[in-house]
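Okay, thanks for coming, everyone. Let me put this one on the screen, and then we'll walk through a few strands and a few annotated positions.

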Amino acid sequence: MIMKIAVLPGDGIGPEIIAQARRVLDVLKSDGLKIELEEAPIGGAGYDAYGQPYPEVTQKLAREADAVLLGAVGGPQYDNLDRPLRPERGLLAIRKDLNLFANLRPAILYPELANASTLKPEVVSGLDIMIVRELTGDIYFGQPRGIRVNDKGEREGFNTMLYSESEIRRIAHVAFGIAQKRQKKLCSVDKANVLETTEFWKEIFIDVAKEYPDVELSHMYVDNAAMQLVRNPKQFDVMVTGNIFGDILSDEASMLTGSIGMLPSASLDANNKGLYEPSHGSAPDIAGKNLANPLATILSTAMMLRYTFGQEEAAVRIENAVKTVLKQGYRTGDIFEEGCEKVSCSGMGDAVVAAL
Ligand SMILES: NC(=O)c1ccc[n+]([C@@H]2O[C@H](COP(=O)([O-])OP(=O)(O)OC[C@H]3O[C@@H](n4cnc5c(N)ncnc54)[C@H](O)[C@@H]3O)[C@@H](O)[C@H]2O)c1
Ligand SMILES: CC(C)[C@H](C(=O)O)[C@@H](O)C(=O)O
Ligand SMILES: [Mg+2]
């Protein structure tokens, strides 16, 4: 089987981190994996090349590919564009277009990074949480949305937090399925005390739970969950939540692992076609300086091999290479500590390739 991968570097540090992930894939390719890579622009790069953040060429490539590897989108130079043209809309468009409703963001603390975590080692050692974020619904996509003039002649901005029953059910099945293969503990995060949308979410989760009697389902309000994540994160095994809460909680959880540069992600459709990207953004403050941590992107390629291609061995090989470079003491600036060797983005890529 030839694995067709659409590579969309995007903006800011996107091209730098994707270059390192490509080197990793090139090693696997030279060792016999049949991988076909083709690049196209997305986000600001899409706008610059074709006037659209999700150009038709990119859409065609992404639809025809088995998986998509994406860097990051966005940057201050695009912030004043009309809303539909902004880079972030390109990312939302590809997620919706490919029906990638299940976003998996694993927050794993590698023991070597215990000191890089913002929490004390004893609170965080052994951390392994899977955040399951619904990705194609919620306030991100609910209609109506916009900025309008109200009855009093005042301008107002509005969005709609919306989930249909089928959208909740399908993400619930994904989350319960993942919990079944782990510690069998699923925490659904909501704001059911205030928001009808998430009260409904909770109701559906309780119903779906009947099909998974071996999984212990709990519920937590999102404000408490944000606090519990920094108080005692190891109480969580799998967390499942809607699009907006998942966006925020996954960034928070990333710091428990040492850096946002360590958090990979998989965004899957119902058939495990996936888009793989780091959870972070285009980091305009360090873009073009060869400073970014490429490990989240490299770990995302491992997720791709696992979830879309069923190549468990190759996935573990990449993860082991990452563990090796951390053991060897290589650190980009975001995870650097005294006594380690500071490397650039491409330097980290060199180390991973050597470890492979
Ligand atoms: N998936 C995506 O493409 C995505 C995700 C988040 C934000 N964004 C976009 O990125 C732009 C910047 O957003 P932001 O600043 O809020 O978030 P960001 O994640 O880009 O950066 C936040 C901070 O984390 C640092 N950082 C991020 N990734 C890093 C890495 N790999 N190595 C080292 N440090 C890293 C940055 O330098 C910055 O200080 C915005 O346009 C935003 O919309 C895109
Ligand atoms: C850039 C933005 C649209 C995106 C999101 O909010 O989903 C990002 O923050 C992420 O976490 O992937
Ligand atoms: Mg985010």
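So, V149 has R155 as its bridge partner in β7. That pair belongs to strand β6 (residues 146–149) and strand β7 (residues 155–158), which run antiparallel and are joined by four bridges. When I say strand, I mean a DSSP run of E with at least two residues, numbered from the N terminus, and two strands count as paired if DSSP finds at least two bridges between them. Together β6 and β7 make a hairpin, with five residues in between. Have a look at G153 in the turn: its phi is positive, about 80°.

Quick word on what you're looking at: this is a predicted model, where local features need pLDDT of at least 70, side-chain atom pairs count only at pLDDT 80 or more, and totals for chains, interfaces and linings use all residues. Residues are numbered from 1 along each chain as its sequence is written, and chains are lettered from A and ligands numbered from 1 in the order in which they are written.

Now over to β4. R105 sits in this strand, which covers residues 102–108. β4 runs antiparallel to β5, with seven bridges joining them, and L104 stands opposite V132 there. β4 also pairs with strand β11 (residues 266–268), again antiparallel, over three bridges; in that pairing, A102 is matched with L268.

Is R105 buried or exposed? It's buried, because 26 other C-beta atoms lie within 10 Å. The cut-offs, with C-beta atoms placed from the backbone, are 20 or more others within 10 Å for buried, 12 or fewer for exposed, and partly exposed in between. Six of the seven residues in β4 are buried, in fact.

Next door, R133 lies in strand β5 (residues 128–134). R133 counts as buried too, since it has 28 C-beta neighbours inside 10 Å.

What does R133 touch, leaving out residues up to four places away in sequence? The list is N103, R105, T241, N243, G246, D247 and S250. Contact here means C-beta atoms, placed from the backbone, within 7 Å. With its neighbours within four places set aside, R105 has contacts including R133, I131 and S250.

Why pick those two arginines? An unreviewed UniProt entry lists R95, R105, R133 and D223 under "binding site". Those four span 129 residues of sequence and are spread in space as well, up to 26.7 Å between C-alpha atoms. One caution: UniProt positions are in the numbering used here, feature names are shortened, and annotations may be inferred rather than shown by experiment.

Key:
Contact = placed C-beta atoms within 7 Å.
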